[in-house]
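Please examine the following sequence and structure. The report below describes the ligand site and then some local features of the chain.

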Amino acid sequence: MEKLKLINGFPFVHYTKDFYTKDEMVVKATEFYSWINKRRTVRDFSDKHVGKDIIEKIILSAATAPSGAHKQPWIFCVVSNAGIKKQIRIEAENEEYKSYHGRMPEDWKKDLLPLQTDWKKEFLETAPYLIIVFKKNYDFDKAGNKTNTYYTTESCGIACGFLLTAIHNAGLVALTHTPSPMNFLNKILSRPVNEKPFLLIPVGYAADECWVPDIQRKELNEVAVFY
Ligand code: IYR
């Protein structure tokens, strides 16, 4: 039986967490780092099928993320339909073409050179799934009344972090794609006005011939300060 108690009239459940010995903790932390450090953003996708049940578990994992006042201000739209993927590719490439041919300042394009990105987004049709994460700027209760959401950017950012981790854990790869502007996604997916596109994440297997830029991650002393 789950332990329950009321605090000021609100139900709380007793929470327990496994403790590890100091040595176990070192092993756990080291192994996790070495595993997560193998995650890479991938642009070369295979069209190999991935079971919907896997994607469902990945999304459930993402949706365990903490959120402002536990409002869970996200919705994950999963597209596997070839026709919809094609529409998304056409619209995204249209925006990206304009970005790469005028909207992006030269400095920005220079920063992207080592990644060799361009306006062409073939992966939007190749990857078996596109997960489009929408951020809810406000929400509706069951009766249809408008309700507030809080810290939506932070909440969705964390949920996407969980999503990418769950994708990596399943042996799949992803790309955090941000076609800009992304309003076309509301239209194609018939999403309501309270939802704003946050990230477009193709998910699938890496292609047999898959190349990623030879990037280096910052050292600990460049990313952390201990006081
Ligand atoms: N959104 C564009 C450009 C782009 C921007 C950044 I910052 C990147 O890290 C990668 C790409 C695109 O998806 O190509």
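How many nonpolar, polar and charged residues does the shell around the ligand have? By class, the shell has three nonpolar, two polar and four charged residues; Ala, Val, Leu, Ile, Met, Phe, Trp, Tyr, Cys and Pro count as nonpolar, Asp, Glu, Lys and Arg as charged, and the others, Gly among them, as polar.

This is a predicted model, in which local features need pLDDT of at least 70 and side-chain atom pairs count only at pLDDT 80 or more, while totals for chains, interfaces and linings use all residues. Residues are numbered from 1 along each chain as its sequence is written, and side-chain values use heavy atoms, with hydrogens and water left out.

**Ligand site**

The residues surrounding the ligand are Arg43, Glu96, Tyr100, Trp108, Leu112, Asp118, Lys121, His177 and Thr178, where a residue is near a molecule if one of its heavy atoms lies within 4 Å of it. Helices α3 (82-103) and α4 (106-112) each supply at least two residues of this shell; helices (H or I, at least four residues) and strands (E, at least two) are DSSP runs, numbered from the N terminus.

The table lists polar contacts of the ligand, a polar contact being a pair of N or O atoms within 3.5 Å.

| Ligand atom | Protein partner | Distance |
|---|---|---|
| oxygen | lysine 121, N or O atom in the side chain | 2.4 Å |
| oxygen | histidine 177, polar side-chain atom | 3.0 Å |
| nitrogen | threonine 178, polar backbone atom | 3.2 Å |

On its own, the ligand has 370 Å² of accessible area, of which the protein covers 70%; accessible areas come from the Shrake-Rupley method with a 1.4 Å probe.

**Aromatic pairs**

The structure holds four aromatic pairs, that is, rings of Phe, Tyr and Trp (its six-membered ring) with centres within 6.5 Å. In one of them, the ring centres of phenylalanine 32 and tryptophan 35 are 5.5 Å apart and the planes are at 45°, so the pair is tilted; planes under 30 degrees apart count as stacked, over 60 as edge-to-face and the rest as tilted. Both residues lie in helix α1 (residues 22-36), three residues apart, which is about one turn of the helix.

**Backbone features**

The peptide bond from serine 180 to proline 181 is cis, with omega near -5°. Proline 181 is placed in the loop between β7 (173-174) and α7 (184-188). In the loop between β1 (4-7) and β2 (10-13) is asparagine 8, a residue other than glycine with a positive phi, near 50°.

Terms used: Polar contact = N/O pair within 3.5 Å; in protein donor to acceptor, adjacent residues only side chain to side chain.
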